[in-house]
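Please open the model in a viewer and keep the selection panel at hand. The tour below proceeds from one selection to the next.

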Amino acid sequence: MDFAQLLNTETPFDQNKLAILEQVINIFYAPTTTQQDRQAANKLLDQFQKLPTSFQYCEFILNNTQSNNTRVLALNIYETFIKEKWNLLDNDSKLNLRNFLVGLLIKFVMDKNFYGNNTNHFLINKLNIVMKKMLYI
């Protein structure tokens with residue numbers, strides 16, 4: 001798998017790139033991963049998060065992944081974007097992002113299988129933190 005494809009902003013972020021992202025995240029978190037491979041995965045994830053367009057991929061990621069680690073990465077990207085560039089968005093874009101995140105929170109809370117699993121509560125907490133950032137900026 002071509003991991004560098006993840007950083008290619010010339011092609012759309014699609015299921016293939018999502019699969020690459022999930023594989024890199026799995027490598028990073030796997031207990032059997034060597035230190036060298038973990039550092040390489042961390043570097044690639046850091047580069048991905050710093051792409052000027054990475055925040056544009058987050059909605060796709062959050063709607064299409066089943067991995068909580070991948071969801072947290074997307075929420076981290078949103079959180080950084082809100083801290084650094086929130087005021088660059090027009091009011092409609094801000095409203096659309098708010099509505100998306102509120103809808104996501106409602107989806108998670110209303111899903112008894114998801115919300116009933118205590119290991120998913122950290123994701124709901126992270127989502128709340130990101131939404132609070134929008135209110136105070």
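Rings of Phe, Tyr and Trp (its six-membered ring) are taken as a pair if their centres lie within 6.5 Å. The model on display is a predicted one.

**Stop 1: the aromatic rings**

Select Phe 13, Phe 48, Tyr 57 and Phe 60; ring pairs join these residues into a cluster. In the whole structure, a search finds seven aromatic pairs. One of them consists of Phe 13 and Phe 60, with the ring centres 5.8 Å apart and 80 degrees between the planes. This pair counts as edge-to-face because planes over 60 degrees apart are placed in that class. Phe 13 belongs to the segment before H1 and Phe 60 to helix H3, so that the pair links distant parts of the chain, 47 residues apart.

Are the two partners buried or exposed? Phe 13 is buried, at 10% relative accessibility, whereas Phe 60 is partly exposed, at 27%.

Next, select Phe 28 and Tyr 29. Their ring centres are 4.9 Å apart and their planes stand at 90 degrees, so this pair is also edge-to-face. Phe 28 has a relative accessibility of 21% and therefore counts as partly exposed, the buried class being reserved for values under 20%.

**Stop 2: H1 against H2**

Display helix H2, residues 35-49, together with H1. How do the two helices cross? Their axes come within 8 Å, at an angle of roughly 135 degrees, which makes H1 oblique to H2. The crossing in which H1 passes H2 is left-handed.

To view the contact, select the following residues:

- on H1: Leu 21, Val 24, Ile 25, Ile 27, Phe 28 and Tyr 29;
- on H2: Asp 37, Arg 38, Ala 41, Asn 42, Leu 44, Leu 45 and Phe 48.

Coloured by class, the contact of H1 with H2 shows 10 nonpolar residues, one polar residue and two charged residues. Phe 48, one of the H2 residues in this contact, is also a member of the ring cluster of the previous stop.

**Stop 3: H1 against H3**

Keep H1 (residues 15-29) on display and add helix H3 (residues 54-64). The axes of these two helices come within 11 Å and cross at roughly 75 degrees; H1 is therefore roughly perpendicular to H3. From H1, select Gln 15, Leu 18 and Leu 21; they meet Phe 60, Ile 61 and Asn 64 of H3. The residues of this contact comprise four nonpolar, two polar and no charged. Leu 21 appears here and also in the contact with H2.

**Stop 4: Val 72**

Move to helix H4, residues 68-85, and select Val 72 within it. Its relative accessible area is 18%, so Val 72 is buried. Which residues does Val 72 touch, leaving aside those up to four places away in sequence? They are Phe 122 and Leu 123. Val 72 and Phe 122 are 50 residues apart in sequence, and a C-alpha to C-alpha distance drawn between them reads 9.1 Å.

**Stop 5: Asn 113**

Finally, select Asn 113 in helix H6, which covers residues 112-115. Asn 113 counts as exposed, with a relative accessibility of 70%. Add Leu 135 to the selection: Asn 113 and Leu 135 are 22 residues apart in sequence and 29 Å apart in space, C-alpha to C-alpha.

Key:
Residues numbered from 1 in each chain as written. Predicted model: local features only at pLDDT ≥ 70, side-chain atom pairs only at ≥ 80, totals over all residues. Heavy atoms only, no water. Axes fitted to C-alpha atoms, helices over the stretch in contact; angles between N-to-C directions. Helix = DSSP H or I, 4+ residues; strand = E, 2+ residues; numbered from the N terminus. Parallel < 35°, antiparallel > 145°, perpendicular 65-115°, else oblique. Contact = heavy atoms within 4.5 Å. Nonpolar A, V, L, I, M, F, W, Y, C, P; charged D, E, K, R; others polar. Buried < 20%, exposed > 50% of the residue type's maximum accessible area, 1.4 Å probe, protein only. Left-handed = near helix turned anticlockwise from the far one by under 90°. Phe/Tyr/Trp six-rings, centres within 6.5 Å; stacked < 30°, edge-to-face > 60°.
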